[in-house]
Amino acid sequence: MHASIAFIGMTPMLSTLAMDAVIIGLIVCCAVIYMIWLLVRHRVLMRRRGAFLCGLRVMGGPKPGGWMIGTARYADGTFEWYRAIDPRPVPAIVLRRGGLVMVEHRPPNVNDSLALASDAYEIVTLQTRRKGKSAVCQIVVDPGVVTGLMSWLEAGYISREPSVEGCAVSLNF
């Protein structure tokens with residue numbers, strides 16, 4: 001392909017076709033850099049202690065939300081969930097352990113509209129208790145993670161009932 005260069009005075013100017021090629025090249029470079037950043041971010045998140053792959057959906061209203069793929073981890077007293085395609089290094093959802101309750105865990109079924117509906121995963125329903133409010137979400141994880149989650153939740157409870165004031169949900173979309 002031949003790109004012609006026109007001159008306006010002493011300043012060279014690229015043709016429209018050459019400018020289109022430059023713009024498309026810049027867009028492709030930006031997309032590649034973004035994908036590399038997401039891969040590096042995912043690797044860093046997965047190397048942290050207590051991290052695992054996790055799908056999540058918020059159960060608000062009569063119809064549950066759609067499944068979002070991401071990475072979750074147990075931090076100091078919090079369950080942090082990071083959206084897979086979000087470039088920010090901060091969690092999108094933070095659930096405090098003090099008011100978090102596992103309602104149920106079960107294998108996925110057809111009604112869950114989950115592409116990975118198999119016995120290799122389990123759906124866990126979590127509920128946060130707040131003064132006057134409660135929020136419910138579901139996560140889909142490996143069955144081994146369910147055992148770890150139950151242990152982590154039980155380790156947060158002391159000999160008394162957990163306080164309702166210590167519970168918070170933070171949604172950063």
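Helices and strands are here DSSP runs, with at least four residues for a helix and at least two for a strand, and they are numbered from the N terminus. With that in hand, colour the whole chain by these elements, keeping in mind that what you see is a predicted model. The chain holds 2 helices and 10 strands, and if you follow it along the sequence the pattern reads β-β-α-β-β-β-β-β-β-β-α-β. Of the 173 residues in the chain, 32% are buried.

**First stop: strand 4 and its neighbours**

Select residues 68–74, which make up strand 4, and show the surface around them: this strand is mostly covered, with 6 of its 7 residues buried. Now add strand 3, residues 51–58, which pairs with strand 4 in the antiparallel sense over 6 bridges; to find one place where the two meet, pick Leu-56, which stands opposite Met-68 in strand 4. Then add strand 5, residues 78–83, which runs antiparallel to strand 4 and is joined to it by 5 bridges, and here Thr-71 can be found opposite Tyr-82 in strand 5. Strand 4 and strand 5 form a hairpin with 3 residues between the strands, and in this hairpin Gly-77 takes a positive phi near 80 degrees.

**Second stop: the aromatic rings**

Stay with strand 4 and show the side chains of Phe-52, Tyr-74, Phe-79 and Trp-152, which form one aromatic cluster. The structure holds 4 aromatic pairs. In one of them, the rings of Tyr-74 and Phe-79 have their centres 6.4 Å apart and their planes at 50 degrees, so this pair counts as tilted; Tyr-74 and Phe-79 are both buried. Another pair joins Tyr-74 to Trp-152, and this one is stacked, with 5.0 Å from centre to centre and 20 degrees between the planes. The stacked pair links distant parts of the chain, since Tyr-74 belongs to strand 4 while Trp-152 belongs to helix 2 (residues 143–156), 78 residues apart. Trp-152, like Tyr-74, is buried.

**Third stop: the largest nonpolar core**

Next, select Phe-79, Trp-81, Leu-126, Ile-139 and Leu-149, the residues with the most contacts inside the largest nonpolar core, which has 23 residues. The elements that give two or more residues to this core include strand 3, strand 4 and strand 5, and also strand 8 (122–130) and strand 9 (133–141). Which element gives the largest share of the core? It is helix 2, with 5 residues.

**Last stop: out to the surface**

Finally, turn to helix 1, residues 16–47, and select Val-44, which lies in it. Val-44 is partly exposed, because its relative accessible area of 46% falls between the limits of under 20% for buried and over 50% for exposed. Val-44 belongs to a nonpolar patch on the surface, whose residues, among them Ile-24, Val-28, Trp-37 and Ile-85, have about 930 Å² of accessible area together.

From Trp-37 in this patch, move to Pro-87: the C-alpha atoms of these two residues are separated by 7.2 Å, although the residues are 50 apart along the chain. Pro-87 is found in the loop between strand 5 and strand 6, and with a relative accessible area of 32% it is partly exposed.

Notes. Residues are numbered from 1 along each chain as its sequence is written. This is a predicted model: local features need pLDDT of at least 70, side-chain atom pairs count only at pLDDT 80 or more; totals for chains, interfaces and linings use all residues. Side-chain values use heavy atoms; hydrogens and water are left out. Patches are made of residues with over 30% relative accessible area and no salt bridge: like charges are joined within 9 Å, nonpolar side chains (Val, Leu, Ile, Met, Phe, Trp, Tyr) within 5 Å. Accessible areas come from the Shrake-Rupley method with a 1.4 Å probe; for residues, only the protein chains shown count as cover. A salt bridge is a side-chain nitrogen of Lys or Arg within 4 Å of a carboxyl oxygen of Asp or Glu. Buried means under 20% relative accessible area, exposed over 50%, partly exposed in between (1.4 Å probe, protein chains only). Rings of Phe, Tyr and Trp (its six-membered ring) pair if their centres lie within 6.5 Å; planes under 30 degrees apart count as stacked, over 60 as edge-to-face and the rest as tilted. Two strands pair if DSSP finds at least two bridges between them. A nonpolar core is a set of buried Ala, Val, Leu, Ile, Met, Phe, Trp, Tyr and Cys residues joined through side-chain atoms within 4.5 Å.
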